Amino acid sequence: MDVAKKILLVEDDTSLAQWVSEYLVEQGFEVVLCQRGDEAVQAVKKHNPDLVLLDLMLPGKDGMSVCRDLRVFFHQPIIMMTAKGDEIDEVLGLEVGASDYVIKPVRPRVLLARINAVLREKQGNSDTNTDEISIGSLQIDTLSRDVFMNKEKLALSNAEYSLLFFLASNADQILDRDSVFLATKGREYDGLDRSVDVLISALRKKIGDDPQSPNKIKTIWGKGYLFVSQAW
């Protein structure tokens, strides 16, 4: 029998926490609740969850700060929840290491799809038979999720790593937006979501790719993205 995946839910809204917990338990997950941001790090260390579902607005410490603190030692997926819909919140969430982002009011089936998608991606990386992807100056350790360029370690968020891993695994192939969204977020591109564009931009900065004329990760207008192996 498969062991139930454990989710740490960090949410101070009691009614929301209750229905999310009950729904996820019905879907076969084990759920542990934490209601304060300043207690989240210790809760993660105590319970060692497979995934953290993290609210943005919390007493004690906000979700952005909690996510940043967790990424020092916690390498499992983190999904952030917020009532805010501003793009800047999504950008900041991805930059501090969130794996994905869910806007309140949370829809149960959407939340479940996001959770399953990031867990599948994590499991897929664990099950791969290739411990390392090496392309020119780029080395990706698929076990530790460490990425090196010219032997210097890059500081990537989980979301940035997932995108780079997918692109590098399909080097020299044009990948359309639907493929990228399905691989990294578990859903098709809806025509509006700019989170992958944000991640592409962030990756280009970290790998020194000219944003005006990139040659490592190219945008092929009307088609998608291209990881150019010869440029590394």
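**Aromatic contacts and a buried loop residue**

Lys-45 lies over the face of Phe-73, with 5.2 Å to the ring centre. The model is a predicted one. A second lysine is placed over an aromatic ring in the model: the charged end of Lys-216 sits over Trp-232, 5.9 Å from the centre of that ring.

Two aromatic pairs are present in the structure. Tyr-161 and Phe-165 make up one of them. Their ring centres are 6.0 Å apart, and the planes meet at 20°. The pair is stacked, because an angle under 30 degrees counts as such. Both residues belong to helix 6, which spans residues 158-169. They are four residues apart there, so about one helical turn separates Tyr-161 from Phe-165. Both side chains belong to buried residues.

Phe-227 and Trp-232 also form an aromatic pair. This pair is stacked, with 5.0 Å from centre to centre and 10° between the planes. Phe-227 has a relative accessibility of 0% and therefore counts as buried. Trp-232 is buried as well, at a relative accessible area of 12%. Trp-232 thus takes part in two contacts: its ring stacks with Phe-227, and the charged end of Lys-216 sits over it.

Away from the rings, Ala-98 was examined. Ala-98 is located in the loop between helix 4 (87-95) and strand 5 (100-103). This loop residue is buried, as its relative accessible area is 0%. In sequence, Ala-98 and Ser-157 are 59 residues apart. In space, their C-alpha atoms are 7.1 Å apart.

Note on methods. Residues are numbered from 1 along each chain as its sequence is written. This is a predicted model: local features need pLDDT of at least 70, side-chain atom pairs count only at pLDDT 80 or more; totals for chains, interfaces and linings use all residues. Side-chain values use heavy atoms; hydrogens and water are left out. Rings of Phe, Tyr and Trp (its six-membered ring) pair if their centres lie within 6.5 Å; planes under 30 degrees apart count as stacked, over 60 as edge-to-face and the rest as tilted. Helices (H or I, at least four residues) and strands (E, at least two) are DSSP runs, numbered from the N terminus. Buried means under 20% relative accessible area, exposed over 50%, partly exposed in between (1.4 Å probe, protein chains only). A charge sits over a ring if NZ of Lys or CZ of Arg is within 6 Å of the ring centre and within 35 degrees of the ring normal.
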